[in-house]
Structures are given as C-alpha cells and as structure tokens.
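The following exercises concern a single protein chain. Each task is followed by a solution that proceeds step by step.

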Amino acid sequence: MRSLLRTLERSTLRDIALVCLADALVGASFGAITVSGGLPLWVPVVMSVLVFAGGAQFAAIGVVLSGGGALAAVATGLVLNARLLPFGFTVAGVLDGPWWRRLLGAQLLTDESVAFTLLQPDRRRRRAAYWVCGLALFGVWNASVLVGAAAGGMIGDTDALGLDAAFPAVLLALVLPSLTDPRTRTAALAGAVVAVAATPFLPAGVPVLLALAGLLFARRPADPARPADTAVPADPAGCPSDSAAKAGPSGDAAPSAPADSAGGAADRSRPTPLAEEVH
C-alpha cells in the first residue's frame with residue numbers, strides 16, 4: 001500500500017481524500033435513513049459491504065421503505081449498477097494477478113475509482129489510483145454507514161442538510177476536466193439531454209442507461225495521416241492554370257525559360273515544354 005501511495009502525486013491523493021470526505025457524509029446519511037425508516041441496523045451494514053454502490057443502495061432502500069418488495073429493490077439496484085459493466089471493460093487492464101485479487105478489484109469498482117484511474121497518464125499510475133481510491137472509499141463508506149446507522153434518526157432528513165447533493169457534486173467535479181475535449185463534451189451534453197428528458201417518464205436508473213445514446217453524437221476524429229484534397233484552379237477553358245501546370249512535384253513553380261537577349265523569343269533549339277504544347 002505504501003508503494004502505491006508513493007506512486008501517486010500529492011494532488012491526486014488530496015483529491016481522493018476530498019472524495020472520501022464527501023462519500024462519508026453520504027454514507028452516514030444512508031445509514032441513518034435506513035435505520036430511521038424502520039429497518040434493522042445490520043441491513044445497511046451488510047448491504048454496504050456486499051453491494052458497495054451508493055446510488056444502487058439508496059434506490060433499493062427507497063423501494064423497500066416505500067412498500068416495494070425485495071425483488072423490485074434488487075431489480076432497481078441492478079439497473080443502476082448496469083453502467084458499471086462498460087466501466088469494468090475500461091479498467092480491466094489494471095486488474096492483474098491471481099483470480100482472488102481481480103475479484104477483490106471488481107468489488108472496488110465505483111464511478112470515483114474509474115474516474116481517478118482514467119485521469120492518470122500511464123498504466124503504473126492508473127493501477128495505483130484504482131487501488132488507492134477503491135480501498136479508501138470502501139473503508140470510509142462502510143465506516144460512515146455504520147456510524148450513521150448507529151446514530152439512527154439523529155440525522156433525519158438529508159435534504160434539509162444538503163447531504164443528498166454531495167454525491168452528484170463530487171461526480172460532476174471529476175467529470176469536468178474531461179469536458180475540455182470537444183468530442184467528449186458533445187457526447188456528454190447529448191447524453192445529459194436524453195437523461196433529463198426521459199427522467200419524468202421512466203423508472204430510476206433507466207435514464208442513466210439511455211444517456212449512453214450521447215455517444216452516437218461524438219464525431220469520429222479526422223485521420224491526421226490523410227492529407228486534405230486540394231483543388232487545382234482551372235482557367236475558363238477548363239485547363240489548369242499556367243502556374244499549376246508549371247509547378248514542380250513539391251508544389252513550387254518551375255523555373256521559367258530564359259528569354260532571347262536579341263528579340264525576347266525562346267530558343268528554338270530548346271525542346272518545347274509539355275505545358276506549352278498543350279496551350
């Protein structure tokens with residue numbers, strides 16, 4: 001663990017610590033809401049260890065507290081966590097070693113750990129960022145959920161304290177540096193429009209999946225190895241201009257023939273250039 005910490009820059013470690021702080025507030029509110037809603041203390045604790053996904057946990061508990069069944073709660077959590085499937089493909093390269101290590105790494109897969117991983121310039125730092133962020137968040141999240149659950153109904157309404165806004169605010173701060181790329185910005189804006197438009201009509205979690213349609217609006221970058229075609233200007237007769245016809249292979253104008261000193265006419269013994277024969 002110490003070697004992983006030395007691999008990352010201090011600014012990255014500071015950002016991870018700030019994310020952990022924000023997630024601690026959200027985790028505490030999740031534990032308090034769950035217990036104050038009438039569920040036993042072990043439910044949020046066990047769910048946080050096994051599921052470890054804040055959005056899915058909030059959605060599942062919301063279904064249960066509103067009178068829904070366990071099957072509906074599980075289905076809601078699965079829909080929300082479906083976005084983690086492409087995330088797993090993205091960071092699969094940093095999960096090496098035996099199967100149990102890869103399995104543990106898969107459990108640590110979150111939006112934040114993926115975001116910090118993709119911000120790193122090389123594979124060594126990406127691997128360090130993934131494990132440091134994942135392990136730190138796992139410890140902080142579960143500890144804060146336990147504290148919140150023990151506090152019971154002391155926190156009460158998280159909307160009144162603004163704790164419900166901490167989680168999306170952190171994710172937005174992580175996404176903003178990637179929006180400097182025009183293609184990424186176009187895809188993100190299109191996906192956001194699709195998600196917002198679908199939110200009033202679809203269950204929670206489905207608009208997030210539909211936001212992937214924004215990738216269709218990301219234009220493919222031009223191939224830098226293929227030069228742009230340049231048109232050759234033509235004269236009214238439909239033939240290339242004299243300057244284009246006399247241009248050499250490099251595009252520079254070919255040297256003109258020397259004029260005769262007596263009459264200014266070209267030397268008749270010199271072969272006539274092809275361009276002069278055409279015209």
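A pocket is an open set of grid points, on a 1 Å grid over the protein atoms alone, with protein on both sides within 12 Å along at least five of seven lines. The model treated below is predicted.

**Exercise 1. Characterise the second largest pocket by volume, lining and residue class.**

Step 1. The volume of the second largest pocket is about 270 Å³. Its lining comprises 17 residues, and those closest to the centre are Met47, Val51, Ala60, Ala73 and Val74.

Step 2. Helices α3 (42-50), α4 and α5 (70-81) each contribute at least two lining residues to this pocket. The largest share, 6 residues, is supplied by α5.

Step 3. Sorted by class, the lining of the second largest pocket holds 14 nonpolar residues and 3 polar ones, with no charged residue.

**Exercise 2. Determine how many cavities of 30 Å³ or more the model contains, and describe the lining of the largest cavity.**

Step 1. Rolling a probe the size of a water molecule over the atoms shows where empty space is left. The count for this model is 1 cavity of 30 Å³ or more.

Step 2. The largest cavity has a volume of about 140 Å³. It is lined by 13 residues, of which Phe52, Ala53, Gly54, Thr110 and Glu112 are the closest to its centre.

Step 3. At least two lining residues of the largest cavity come from each of α4 (54-65), α8 and α9. The classes represented are 6 nonpolar, 3 polar and 4 charged residues.

**Exercise 3. Follow the chain from α8 through the next loop to the end of α9.**

Step 1. Helix α8 is mostly covered, with 7 of its 8 residues buried. The buried residues in α8 are Asp111, Glu112, Ser113, Val114, Ala115, Phe116 and Thr117.

Step 2. Leu119 is located in the loop between α8 (111-118) and α9. Is Leu119 buried, partly exposed or exposed? Its relative accessibility is 42%, and partly exposed denotes the range between 20% and 50%, so Leu119 counts as partly exposed. Its C-alpha atom is separated by 9.0 Å from that of Ala129, 10 residues apart along the chain.

Step 3. The N-terminal end of α9 is capped by Asp122, which has a side-chain oxygen 3.2 Å from the backbone nitrogen of Arg124.

Step 4. Helix α9 (residues 123-151) contains 29 residues. From first C-alpha to last it reaches 42 Å, close to the 42 Å expected at 1.5 Å a residue. Just after α9, Gly152 adopts a positive phi of about 70°.

**Exercise 4. Establish the environment of Thr34.**

Step 1. Thr34 belongs to helix α2 (residues 10-36). Its relative accessibility is 0%, and buried means under 20%, so Thr34 counts as buried.

Step 2. The side chain of Thr34 reaches the backbone oxygen of Phe30 at 2.8 Å.

Step 3. With neighbours within four places in sequence set aside, Thr34 is in contact with Leu39, Val43, Pro44 and Ile61.

Step 4. The C-alpha atoms of Thr34 and Gly148 are 9.1 Å apart, although 114 residues separate the two along the chain.

**Exercise 5. Summarise the protein chain as a whole.**

Step 1. The secondary structure consists of 15 helices and 0 strands.

Step 2. Of the 279 residues, 29% are buried.

Step 3. Among contacts between residues at least 6 apart in sequence, 69% join residues at least 24 apart.

Terms used. Residues are numbered from 1 along each chain as its sequence is written. This is a predicted model: local features need pLDDT of at least 70, side-chain atom pairs count only at pLDDT 80 or more; totals for chains, interfaces and linings use all residues. Side-chain values use heavy atoms; hydrogens and water are left out. Helices (H or I, at least four residues) and strands (E, at least two) are DSSP runs, numbered from the N terminus. The expected span of a helix is 1.5 Å times one less than its number of residues. A polar contact is a pair of N or O atoms within 3.5 Å; within protein, one must be able to donate a hydrogen and the other to accept it, and residues adjacent in sequence count only if both atoms are side-chain atoms. Buried means under 20% relative accessible area, exposed over 50%, partly exposed in between (1.4 Å probe, protein chains only). On a 1 Å grid over the protein atoms alone, a cavity is a set of points where a 1.4 Å probe fits but cannot get out, and a pocket is an open set with protein on both sides within 12 Å along at least five of seven lines; lining residues have an atom within 4 Å of a point. Grid points are joined across faces, edges and corners, and a volume is the space filled by probe spheres set on the points. Ala, Val, Leu, Ile, Met, Phe, Trp, Tyr, Cys and Pro count as nonpolar, Asp, Glu, Lys and Arg as charged, and the others, Gly among them, as polar. Contact means heavy atoms within 4.5 Å.
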